[in-house]
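Here are a few exercises on strand pairing, each with a worked solution. Grab your viewer and try them before reading on.

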Amino acid sequence: MKLREVLERVNLPDLIARERGGEAVRGLTRERGGVICDPRPSWEERNPSFSVRLDGQIWRWKRFGGDGASGTAYDLLLAFGYSDIQAREELHRLAGVSLDGWTPHQGRPLSKSDSDPLGEARAVLARCAPLNEAEERRVRRLLAPLREGDGAACELLTRGLLDWAGLECGKLRRDFITPDGRRLAHSGALAFLVRGPDGQPWGLKVRNASTVDRLRAAGLDRYVYRLGKHGAPAWCSPDYGSGDSVLLVEGELNGASAARALEAVGVRLDVQGLAGAGGTPFLEGLEGKPVFLYADPDEAGTACLERVGKLARAAGAAEVRRLAPLPCGDFCDLAGSEGMEALGLRLLDLVAGADSWQSSICSSPTLPQSFLALGAAQGDAWQSGSSYRKGGW
């Protein structure tokens with residue numbers, strides 16, 4: 001039986017309730033669906049924006065805001081950690097039909113720790129894509145330049161990122177409202193392009209400014225993507241691929257602060273800022289290079305280090321090391337309070353003292369000479385300078 005025919009027999013609200021529990025489907029009906037909080041791991045939210053509806057004979061879902069993802073019951077099972085084969089088996093089981101020619105998999109899907117990290121990453125990255133020419137033109141129509149005194153400009157200023165050509169930013173010209181009338185972002189909100197390892201724009205991310213309580217009262221998430229169907233790609237530093245090592249950081253703006261700070265002290269190191277603790281890095285540029293990890297010192301950050309560390313090793317990193325957490329705040333905070341050069345010097349210290357992410361794998365520290373010589377004057381052992389493209393967009 002074809003997958004489409006199987007999907008016609010699967011009730012998506014029932015599937016979500018089975019996977020995530022009865023509380024997850026509060027607000028849905030079995031007949032018409034509705035809107036709930038995103039049930040996907042790492043995409044949890046406080047204000048419902050995950051739409052579930054029957055489209056003809058097939059149930060479909062869509063996240064308004066977040067990563068703008070959408071799909072069928074099959075895609076949702078993949079997001080829950082099922083492999084392709086496991087998802088198809090589960091759908092056939094729920095539909096009450098046999099899976100001809102396949103040997104059924106016994107038990108629940110493999111856990112994250114036992115599954116294939118490369119396969120999971122490739123499945124996530126397959127849902128990401130660079131903006132096409134029409135979308136790039138649309139971005140320029142959506143955004144206005146930042147001006148002194150703008151709330152969005154002040155947000156960048158406090159992070160040491162205002163007027164840095166390596167991060168292309170603007171502000172929303174008008175509220176971002178869904179076709180059904182729900183506001184996802186306010187006029188004047190900070191928006192920045194997420195460039196991939198190829199230097200092309202892969203997304204436009206918007207940051208709603210306010211306190212957590214006020215955002216919650218307004219029904220807004222902190223971050224949303226202005227253009228949907230592009231996944232949640234990592235932000236990559238200018239001239240990505242030219243560095244001797246790679247730094248993977250939780251948060252795009254933290255990644256941007258790290259990249260600018262390293263540039264300020266004359267160091268070239270490839271940086272990816274992940275889309276939060278649940279973000280997936282690009283695989284390009286990891287093979288054969290030392291990979292350094294940094295995440296917030298909380299439960300989500302710890303899980304991020306575990307997942308991304310395994311992925312980096314599977315992608316062929318020469319070694320994987322983790323940076324010690326800052327005593328307080330994050331890279332953006334330090335850049336704003338102490339300046340970019342101070343953050344750059346702190347990063348050099350963190351890199352020089354980075355621990356092996358997994359001692360059984362990284363049993364002997366084999367840092368390249370450039371890392372061992374960090375105490376030398378002005379980082380002479382590094383590639384220096386930056387050749388990223390100047391100018392606006």
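**Exercise 1.** Find the residue that stands opposite Arg322, then work out how its strand pairs.

*Solution.* Keep in mind that this is a predicted model.
- Start at Arg322: facing it is Asp355 in β18.
- Now look at the strands themselves: β17, residues 319–322, pairs with β18 in the antiparallel sense, over two bridges.
- Next, zoom out to the sheet, which is open and has six strands in the order β13-β15-β14-β16-β17-β18, with mixed pairing.
- Finally, check the edges: these are β13 (235–236) and β18 (355–356), each of which pairs on one side only.

**Exercise 2.** Which helix lies across β13, β14 and β15, and at what angle does it run to β15?

*Solution.*
- Locate β14 at 246–250 and β15 at 270–274.
- The helix you want is α9, residues 252–264, which lies across β13 as well as those two.
- Its angle to β15 comes out at about 160°.

**Exercise 3.** Trace β3, β4 and β5, and pick out the glycines with a positive phi.

*Solution.*
- Take β3 (residues 50–55) and β4 (residues 58–63): they run antiparallel and are joined by six bridges.
- For a landmark, use Asp55, which sits opposite Ile58 in β4.
- This hairpin leaves two residues between its strands, and Gly56 in the turn has a positive phi of about 70°.
- Move on to β5 (residues 70–71), which pairs with β4 over two bridges, again in the antiparallel sense.
- Here the landmark is Lys62, opposite Ser70 in β5.
- The β4–β5 hairpin has six residues between the strands, and Gly65 takes a positive phi near 90°.

Methods:
Residues are numbered from 1 along each chain as its sequence is written. This is a predicted model: local features need pLDDT of at least 70, side-chain atom pairs count only at pLDDT 80 or more; totals for chains, interfaces and linings use all residues. Side-chain values use heavy atoms; hydrogens and water are left out. Two strands pair if DSSP finds at least two bridges between them. Helices (H or I, at least four residues) and strands (E, at least two) are DSSP runs, numbered from the N terminus. Contact means heavy atoms within 4.5 Å. Axes are lines fitted to C-alpha atoms, for helices over the stretch in contact, and angles run from 0 to 180 degrees between N-to-C directions.
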